[in-house]
Amino acid sequence: MKKITRLRLPICIAAAVIIAAILVISLLIADTDPQTMIPVSNLTELIIEAENTSVFISAEGRSDLLIERHPARNLHIEQDGSMITIRTGGRGILQLSLPSWQRLASIKVNTSSGDIAMESFMSKDLSISTESGSMMLTGVSSDTIRTDSRSGNMILTDTFSETTSMQNESGFIRAIGILGDVEATTENGSIYIVPIGESTLAAESVSGAISIIAGERSIGWNTSGNATIYGEKTAPAGGAEDAAVKAISEKGSITISK
């Protein structure tokens, strides 16, 4: 566990730096637009289409959804029953605060070049996609997490999920936490995963390096590309006695060690 603690420090530091930068920028360019507050519940489906706007979502002790823009233009908010749709264009920051105690039904965020940062909220289903923006998830809890990007980097820290799917073309993937069943795919970006607890894990890269640091029970590592796997290949409780590790390399060498 000491090894995992040392390895997670660089990821946590990177997460803190990115989130701090977004907060500082939002304060520097904050405009005088009024805040918008909308009641939410565990049935709420939140959809955000942000184009070039960066999106920052966090949780605090409140009972509604607080929406701020700094100074994102063309902001449109629609509500149809339990579904809330937010659309914005232009550069700037769209900042949202969710109740820290409320688990929303689903959150879907899509940007073209805007970055996405999320911190310490709960949902049942989380889906994030971007063309070239980077994404950062810290302390997020969701039954399912899906992230997709063409060239932006992905960083997940202290994340809790039962199913985690991460797809990237050229950006890197960094993930640490209780990730559940994990599928990570990239064309030529690197993959670095530290799964905590019982999980199945499949990682694939055509030309990027793959590093999996498993300090606890894991099963079903499938890798393609340069792969380095640390940890014992033991089955989860109640599972098969033997856990197979499959490693397939197209261009690089593979190393498996405890």
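Let's start with Arg103, which is partly exposed, with a relative accessible area of 25%. Partly exposed sits between two cut-offs: buried means under 20% relative accessible area and exposed means over 50%, with a 1.4 Å probe and protein chains only. Those areas come from the Shrake-Rupley method with a 1.4 Å probe, and for residues only the protein chains shown count as cover.

A word on the source. This is a predicted model, where local features need pLDDT of at least 70 and side-chain atom pairs count only at pLDDT 80 or more, while totals for chains, interfaces and linings use all residues. Residues are numbered from 1 along each chain as its sequence is written, and side-chain values use heavy atoms, with hydrogens and water left out.

Back to Arg103. Which residue does Arg103 form a salt bridge with? The partner is Asp143, and the closest N and O atoms are 3.8 Å apart. A salt bridge here is a side-chain nitrogen of Lys or Arg within 4 Å of a carboxyl oxygen of Asp or Glu. This pair links distant parts of the chain. Arg103 is in strand β8 (residues 103-104), Asp143 is in strand β13 (residues 141-149), and they are 40 residues apart. Strands are DSSP runs of E, at least two residues long; helices are runs of H or I, at least four long; both are numbered from the N terminus. Asp143 is partly exposed too, with a relative accessible area of 27%.

Now the other salt bridges. A search of the whole structure finds six. Glu60, Arg62 and Asp64 are joined into one network by salt bridges that share partners. Take the links one by one. Arg62 and Glu60 meet through their side chains at 2.6 Å, N to O. Asp64 and Arg62 do so at 2.7 Å. Are these residues buried or partly exposed? Arg62 is buried, because its relative accessible area is 17%. Asp64 is buried as well, at 16%. Glu60 has 33%, so Glu60 is partly exposed.

Next, Ser123. You will find Ser123 in strand β11 (residues 122-130). Its relative accessible area is 0%, so Ser123 counts as buried. What does Ser123 touch? Leaving out residues up to four places away in sequence, the list is Arg103, Leu104, Ile107, Ser141, Ser142 and Asp143. Contact means heavy atoms within 4.5 Å. Note that both partners of our opening salt bridge, Arg103 and Asp143, are on that list. The side chains of Ser123 and Ser142 also share a polar contact of 3.0 Å. A polar contact is a pair of N or O atoms within 3.5 Å; within protein, one must be able to donate a hydrogen and the other to accept it, and residues adjacent in sequence count only if both atoms are side-chain atoms.

Arg103 comes up again with Asn42. Asn42 lies in the loop between β1 (36-39) and β2 (45-51). Asn42 touches Gln102, Arg103, Leu104, Ala105 and Lys124, again not counting residues up to four places away in sequence. Asn42 and Lys124 are 82 residues apart along the chain, yet their C-alpha atoms are separated by 8.8 Å. With a relative accessible area of 39%, Asn42 is partly exposed.

On to the cores. A nonpolar core is a set of buried Ala, Val, Leu, Ile, Met, Phe, Trp, Tyr and Cys residues joined through side-chain atoms within 4.5 Å. In soluble globular proteins, nonpolar side chains tend to be buried together. Here the largest core has 40 residues, and Ile48, Ile57, Leu96 and Met118 have the most contacts inside it. A second, separate core of five residues includes Ile176, Tyr192, Val194 and Ile196.

Two of those names, Tyr192 and Val194, sit on one side of strand β18. On the other side are Ile191, Ile193 and Pro195, and all of them are buried. β18 pairs with β16 (residues 173-178) in the parallel sense, over five bridges. Two strands pair if DSSP finds at least two bridges between them. Ala175 stands opposite Ile193. β18 also pairs with β20 (residues 209-213), parallel again, over three bridges. There, Ile191 has Ile210 as its bridge partner.

Last, the whole chain. How many helices and strands are there? One helix and 24 strands. Of 258 residues, 45% count as buried. The accessible surface comes to about 11,700 Å², and 52% of it belongs to carbon and sulfur atoms.
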